[in-house]
Amino acid sequence: MGNKYTEAQAAATKKYLKNIGEYKLRVSKEDKEKYMNYAKTCGMSLNAFIIQAVNEKIEREVLKK
């Protein structure tokens, strides 16, 4: 098998993306590097780090009420 993108892979990707929402976050290049480096030290991707941070913020706000 080579590096070819098969029809099965295309179908699986399409099925996966059907249930995924996307967002675009704009930050300075310096901040992006800072966030990426910190996420990496935590053993996380930047995406996972951002999702965790947002969820923690929501939980803190709910507990205040």
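Let us start at one residue, K64, which is exposed, with a relative accessible area of 65%. This is a predicted model, and K64 makes a good doorway into it. K64 forms a salt bridge with E61, and the closest N and O atoms of the two are 3.7 Å apart. The two residues sit three places apart in helix α3, which puts about one helical turn between them. A general point about helices helps here: an α-helix has 3.6 residues a turn, so residues three or four places apart point the same way.

E61 has another partner as well. Its side chain meets that of K57 in a salt bridge, at 3.1 Å from N to O. E61 and K57 are four residues apart in helix α3, again separated by about one helical turn. Because their salt bridges share partners, K57, E61 and K64 are joined into one network. How covered are the other members of this network? E61 is partly exposed, with a relative accessible area of 29%, and K57 is also partly exposed, at 42%.

How many salt bridges does the structure hold? The count comes to three. One of them lies in helix α2, where the side chains of K34 and D31 meet at 3.6 Å from N to O. Here too the partners are three residues apart, or about one helical turn. D31 is partly exposed, with a relative accessible area of 27%.

Now for the aromatic side chains. The structure holds one aromatic pair. The rings of Y38 and F49 have centres 5.6 Å apart and planes at 70°, and since planes over 60 degrees apart count as edge-to-face, the pair is edge-to-face. Where do the two partners lie? Y38 belongs to helix α2 (residues 29–41) and F49 to helix α3 (residues 46–64), so the pair ties together parts that are 11 residues apart in sequence. Y38 is partly exposed, with a relative accessible area of 48%, and F49 counts as partly exposed at 21%. The cut-off for buried is under 20%.

Helix α3 also takes part in a nonpolar patch on the surface, through I51. The patch covers about 450 Å² and is made by Y23, L25, V27, Y35 and I51. I51 itself is partly exposed, with a relative accessible area of 40%.

Next comes helix α1, which runs over residues 7–18. What length should its 12 residues span? At 1.5 Å a residue the expected span is 16 Å, and the end C-alpha atoms are 16 Å apart, which agrees. Helix α1 is hardly covered, for the count of buried residues among its 12 residues is zero.

Stepping back, we can look at the whole chain. It has three helices and zero strands, so from the N terminus on its elements run α-α-α. The radius of gyration is 17 Å, well over the 11 Å that the globule rule gives for 65 residues, so the chain is more spread out than a compact globule. Along its principal axes, the C-alpha trace spans about 50 × 30 × 20 Å. Of the 65 residues, 3% count as buried. The accessible surface of the chain comes to about 6500 Å², and 57% of it belongs to carbon and sulfur atoms.

Definitions and conventions:
Residues are numbered from 1 along each chain as its sequence is written. This is a predicted model: local features need pLDDT of at least 70, side-chain atom pairs count only at pLDDT 80 or more; totals for chains, interfaces and linings use all residues. Side-chain values use heavy atoms; hydrogens and water are left out. The expected span of a helix is 1.5 Å times one less than its number of residues. Buried means under 20% relative accessible area, exposed over 50%, partly exposed in between (1.4 Å probe, protein chains only). Rings of Phe, Tyr and Trp (its six-membered ring) pair if their centres lie within 6.5 Å; planes under 30 degrees apart count as stacked, over 60 as edge-to-face and the rest as tilted. A salt bridge is a side-chain nitrogen of Lys or Arg within 4 Å of a carboxyl oxygen of Asp or Glu. Patches are made of residues with over 30% relative accessible area and no salt bridge: like charges are joined within 9 Å, nonpolar side chains (Val, Leu, Ile, Met, Phe, Trp, Tyr) within 5 Å. Accessible areas come from the Shrake-Rupley method with a 1.4 Å probe; for residues, only the protein chains shown count as cover. The radius of gyration is taken over C-alpha atoms; the globule rule is 2.2 Å times the number of residues to the power 0.38.
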